[in-house]
Amino acid sequence: MPMLFLAARFACGRLMAACALMAVCAAARAASAPSTPAVDPANLDLHNLKAEPADYLGRKAERMTVMDPQKEAGLAMLRGTDFQDGTIEADIALKITTPPGVRMPGFVGLAFRVKPDASAYDIVYLRPRNALADDQAMRNHAVQYCAEPDYGWYRLRREWPLVYEGWADIAPETWIHMRIDVAGRTARVFLNGSAKPSLVVDGLKGSSLHGGVGLWGYAGEESYFSNVRITPSSPQPVKNGSDPAGVWAVLYWSDAGPVQGTLKLTRDGGKVTGAGSGGLGDDKPGSGAWGAGEVELSVGGGWPHDGRDGAPGPVTAFLEGWVDDASAKGRMRVAGRADGQWVAQRQGQ
């Protein structure tokens, strides 16, 4: 009962804090500076892309094509941008030029928080032809978030299926209005003026909290960009580098019910070790990695006999997320049993 009361009070506090933070964010965005004018197509730093003015589907645009197909993708950075939080939007279209008979879903998107040398960035890109597929699994791969170079689509899809991608009503050779709202470690992707996001990324995995904005294209196609706009907002108070060491009260909501407990963690450089206690057992060893505030951890345990779904037996829980001073949050899955989100509050060192 004490642990249940602690979890309930902790969850309530987190909810109130989240509501307050949303209100502050909305007020800051409303008071932010006016949006920048449409970006001059000549004001681009090109990385494996050729850019040229074009008229496409009734509007003036910038056509992007990849210079070296062996490198697959290219990036056109908008000079002078240093973006942290706010809104990025553009009209995007693509024409697939890959020969018939070769599967090509099409790839086009917007990158943000790009390092000056374009070596790392967060990105949301579209696969318009996938949205038209009869295979439902392929349809679910129409909108994709990645953080290059460490968290590409393949790794994210294998480790966290369906969390970083989704379906949207889009198609090749049509204009698609894309808007990305970024606030702290969260991004929401809106397409074609919808008031509801097509993708919500709660826990951006990029290593930088600010950087440039870029237009992203792929080999075997022509990518078109028009009406690019960047509207900054007041940055949220998050920072990289918080240490996971200490005792944490953890609350986990999943599709198989809630799990609560504690984590006792120590850190030695980039290595994290410790033990978990709670709904999956007591003093179960765990280990993982830490870098710049992001933590990845696996903890052993046992699926409870009174679990709502699944037979009892040994399990492994996987957590990933960010530590921000005395709080933390992220994704968690119990392999083969459950998937959901977790939040944690530091109880002591």
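These legends describe close-up views of internal cavities in a predicted model.

**View 1. Cavities in the whole structure.** A search of the whole structure yields 4 cavities of 30 Å³ or more. The largest cavity holds about 210 Å³ of space, and the second largest has a volume of about 110 Å³.

**View 2. Centre of the largest cavity.** The lining of the largest cavity is made up of 19 residues. Those closest to the centre of this cavity are V259, T262, L263, S277 and M332.

**View 3. Elements and residue classes around the largest cavity.** Two or more lining residues come from each of β15 (246-254), β16 (259-268), β17 (271-278), β18 (281-291), β19 (294-303) and β20 (313-324). Strand β16 supplies the largest share, 5 residues. By class, the lining of the largest cavity has 9 nonpolar, 9 polar and 1 charged residues.

**View 4. Centre of the second largest cavity.** This cavity, of about 110 Å³, is lined by 13 residues. L263, L265, V295, A328 and W342 are the closest to its centre. L263 is also among the residues closest to the centre of the largest cavity.

**View 5. Elements and residue classes around the second largest cavity.** The elements giving two or more residues to this lining are β15, β16, β19, β20 and β22 (338-348). The largest share, 3 residues, belongs to β20. The lining of the second largest cavity consists of 12 nonpolar residues and 1 charged residue, with no polar residues.

Technical notes. Residues numbered from 1 in each chain as written. Predicted model: local features only at pLDDT ≥ 70, side-chain atom pairs only at ≥ 80, totals over all residues. Heavy atoms only, no water. 1 Å grid on protein atoms, 1.4 Å probe; cavity = no way out; pocket = protein on both sides within 12 Å on 5 of 7 lines; lining within 4 Å. Points joined across faces, edges and corners; volume = space filled by probe spheres on them. Helix = DSSP H or I, 4+ residues; strand = E, 2+ residues; numbered from the N terminus. Nonpolar A, V, L, I, M, F, W, Y, C, P; charged D, E, K, R; others polar.
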